[in-house]
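Trainee: Could you take me through this model feature by feature, giving the general idea each time and then the case at hand?

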Amino acid sequence: MKSYLLFLFSLIILSCQAQLKPNDAIPLQEDAKNYTLETVVDGINNPWGMTFLTDGSMLVTEKSGILYHVSNGVKTEVQNVPAVYTRGQAGLMDIQLHPDYAKNGWIYISYASLEGEGEAGGANTEIIRAKLEKESLTHIEKIYKATPNSKRSIHFGSRITFDKEGYLFFSIGSRGFEDENPQDLSRDGGKIYRLNDDGTVPKDNPFVGQANAKEAVYSYGHRNPQGLIKNPFTGAIWEHEHGPQGGDEINIIKKGANYGWPIITYGINYDNSIITNETQRPGMEQPVYYWAPSIAPSGMAFVSSDKYPDWKGDLLVGSLKFQYLELVKLDGNKVTERQKLASGMGRLRNVVQGPDGYIYIGVEGKGILKIIPN
């Protein structure tokens, strides 16, 4: 009898442990303000993406469709940017350099494009690469265009990063077709994609040769990823995505993995109705962490710089909803603490670590600011 009771008690404990949520008992700490903020450039209303050139200057995308070259606090509008569809969440989005940019000059850009078939007057996410010559884009090449076009103005994604092998990763959101796109490998949307740097499909992509599957897809079951970055310490690709009401997630991207949306989620609909009663299911990945309530995450950076010894090895995520930068403290792949930074600055659209080791943030209505540790 005693053995049976011990066995039953063990089952109860294991059951409770299985139901523990990734964000249990991790309160948000207040801003310690052990830094100052310095304006790098102002007058950029919605600085969606930013990257640094080899001379230390920056390229910054403005969601409305303008690409700025910023040098010594002066911004110059880059010419010959493709026509950008701007409606709702659509616009000019991320920008990243090729890992070997110093030799080949390739710049990768994501934006909402009218090109292609589908609903008349609609758009979908496109990835291009180009070169910068005399403040103008040249040698523009299409890398990938999601289909079909739609007038729906939500969930375009889209972030770009490269892994340690030089493969190109990018995200495309579900485009609002929650029940159609994320779980269907034959459809774009709600996916993380992986390509060679020239847009061709790697032979070892998980769905190569599979009938009715987009071979560029690397993982699926995503909602609207607006954070995508290589972990500089492990080489893994980390992603975060907008959930519905509650359920914003941080994920580590695995080859061929299903991240569950909308079959499993920790969020609910905006009218408080239930999307699903399931938060986990065999064969579907659990997030490293999820936010409830949602913070509307945008932008993502690992701190590897010695300029911030207390933050080194941790993750930074911008909050659009609550208008702060979140420091996500990590122990390996586990979130242990959360802290507010840059409280009340505005909607934090992006965060990057520059080649000089400083952290730069893009704030809607303010422009680009640099975090100076005290």
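Mentor: We shall go through sheets, a pocket, a buried side chain and some backbone details in turn, keeping in mind that the model is predicted.

Trainee: Let us begin with the sheets; in what order do strands 3, 4, 5 and 6 lie, and in which sense do they pair, parallel or antiparallel?

Mentor: As a general idea, strands of a sheet pair through backbone hydrogen bonds, either parallel or antiparallel. Here four strands form an open sheet in the order 3-4-5-6, and the pairing is antiparallel. Strand 3 (47-52) and strand 6 (74-77) are the edge strands, and because each has a single partner strand, one side of each is left without a neighbour in the sheet. On average, neighbouring strands of this sheet are turned by 25° against each other, with direction ignored.

Trainee: How many bridges link strand 3 and strand 4, and which residue of strand 4 stands opposite P47?

Mentor: The antiparallel pairing of strand 3 with strand 4 (residues 58-62) runs over five bridges. P47 faces E62 in strand 4, while G49 has T61 as its bridge partner. The hairpin made by these two strands has five residues between them, and within it G56 adopts a positive phi near 90°.

Trainee: Are the residues of strand 3 buried or exposed?

Mentor: Strand 3 is mostly covered, since six of its six residues are buried. Further along, G65 sits in the loop between strand 4 and strand 5 (66-71). Its C-alpha atom is separated by 7.6 Å from that of A83, although the two residues are 18 residues apart along the chain. Leaving aside neighbours within four places in sequence, G65 is in contact with V81, V84 and L92.

Trainee: What does the sheet of strands 11, 12, 13 and 14 look like?

Mentor: This is also an open sheet of four strands, in the order 11-12-13-14 and with antiparallel pairing. Strand 11 and strand 14 stand at its edges with a single partner strand each, so one side of each lacks a neighbour in the sheet. Neighbouring strands are turned here by 20° against each other on average, direction ignored. Strand 13 and strand 14 pair in the antiparallel sense over three bridges, and K191 stands opposite Y220 in strand 14.

Trainee: How is a pocket found, and what is the volume of the largest pocket?

Mentor: Rolling a probe the size of a water molecule over the atoms shows where empty space is left. In this model the largest pocket has a volume of about 860 Å³. Its lining consists of 33 residues, of which T51, Q96, T161, I229 and Q353 lie nearest the centre.

Trainee: Which strands supply at least two residues of that lining?

Mentor: They are strand 3, strand 7 (92-97), strand 11 (160-162), strand 15 (224-230), strand 19 and strand 23 (348-353). Strand 15 provides the largest share, namely five residues.

Trainee: Now a single side chain: is D314 buried or exposed?

Mentor: With a relative accessible area of 3%, D314 is buried, because the cut-off for that class is under 20%. The residue lies in the loop between strand 19 (297-302) and strand 20 (315-319). Its side chain is joined to that of K329 by a polar contact of 2.7 Å. Beyond four places in sequence, the residues that D314 touches include A301, F302, V303 and L327.

Trainee: Finally, what should I look for in the backbone?

Mentor: Most residues other than glycine have a negative phi, and most peptide bonds are trans. N212, which is not a glycine, has a positive phi of about 55°; this residue lies in the loop between strand 13 (191-195) and strand 14 (217-220). A342, likewise a residue other than glycine, has a positive phi near 50° and is found in the loop between strand 22 (334-341) and strand 23.

Trainee: Which of these two, N212 or A342, is buried, and which is exposed?

Mentor: N212 is exposed, with a relative accessible area of 68%, whereas A342 is buried, with a relative accessible area of 3%.

Trainee: Where are cis peptide bonds found?

Mentor: One is the bond from G157 to S158, with omega near 0°, and S158 is placed in the loop between strand 10 (136-145) and strand 11. Another joins W261 and P262, with omega about 0°; P262 belongs to the loop between strand 17 (248-252) and strand 18 (289-291).

How values were computed
Residues are numbered from 1 along each chain as its sequence is written. This is a predicted model: local features need pLDDT of at least 70, side-chain atom pairs count only at pLDDT 80 or more; totals for chains, interfaces and linings use all residues. Side-chain values use heavy atoms; hydrogens and water are left out. Two strands pair if DSSP finds at least two bridges between them. Axes are lines fitted to C-alpha atoms, for helices over the stretch in contact, and angles run from 0 to 180 degrees between N-to-C directions. Buried means under 20% relative accessible area, exposed over 50%, partly exposed in between (1.4 Å probe, protein chains only). A polar contact is a pair of N or O atoms within 3.5 Å; within protein, one must be able to donate a hydrogen and the other to accept it, and residues adjacent in sequence count only if both atoms are side-chain atoms. Contact means heavy atoms within 4.5 Å. On a 1 Å grid over the protein atoms alone, a cavity is a set of points where a 1.4 Å probe fits but cannot get out, and a pocket is an open set with protein on both sides within 12 Å along at least five of seven lines; lining residues have an atom within 4 Å of a point. Grid points are joined across faces, edges and corners, and a volume is the space filled by probe spheres set on the points.
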